[in-house]
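Work through the exercises below with the sequence and the structure at hand. Try each task before reading its solution.

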Amino acid sequence: MLLIHVTTAQGATHEVTANEGQTLLDAVMASGVDGLLGECGGCCSCATCHCMVDESQLALLPEPDSSEAQMLDFVATQRMPGSRLACQVKLQTHHQGLRLTLPERQF
Ligand code: FES
């Protein structure tokens, strides 16, 4: 079991539990925290699962693949250095304590 720290665009903080192998999108959606939509169901074609990972933790994640990198150009709010698509981040044990912020809107 992993613990992920999620801050909403309004500044509310939540601790979300997740399992290894789960995507960041599935973990946040299952927790009931609002802010991610995931309209395409996780197939990297909608960019409505945009989140910003704490920059100091970016090295914990693999670089976005080419489809994710391309879709990040279509996020609804400003793309930040820590911007990722939550459906493309598969959680592993070393992601314990990951911190992310959700954007104001997804479309
Ligand atoms: S859920 Fe559509 S790109 Fe992530």
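**Exercises on a sheet**

**Exercise 1.** Find how strand β1 and β2 pair, and over how many bridges.

Solution. In this predicted model, β1 covers residues 2–7 and pairs with β2 in the antiparallel sense, over 6 bridges. Next, look for a facing pair: isoleucine 4 has valine 16 of β2 opposite. Then turn to the hairpin that these two strands form: 5 residues lie between the strands, and glycine 11 takes a positive phi near 95° there.

**Exercise 2.** Determine in which sense β1 and strand β5 run.

Solution. Strand β5 spans residues 99–101 and is joined to β1 by 3 bridges; the two run parallel. Threonine 7 and threonine 101 in β5 stand opposite each other.

**Exercise 3.** Write down the strand order of the open sheet, and explain why β2 and β4 each have one side without a neighbour in the sheet.

Solution. The order of the 5 strands is β2-β1-β5-β3-β4, and the pairing is mixed. β2 (13–18) and β4 (83–85) are at the edges, where each has a single partner strand, so one side of each lacks a neighbour in the sheet. On average, neighbouring strands are turned by 40° against each other, direction ignored.

**Exercise 4.** State which strands helix α1 touches.

Solution. Helix α1, residues 24–31, packs on the sheet and touches β1, β2 and β3 (50–53). As a last step, compare directions: that of α1 makes about 115° with that of β2.

Note on methods
Residues numbered from 1 in each chain as written. Predicted model: local features only at pLDDT ≥ 70, side-chain atom pairs only at ≥ 80, totals over all residues. Pairing = 2+ DSSP bridges. Helix = DSSP H or I, 4+ residues; strand = E, 2+ residues; numbered from the N terminus. Axes fitted to C-alpha atoms, helices over the stretch in contact; angles between N-to-C directions. Contact = placed C-beta atoms within 7 Å.
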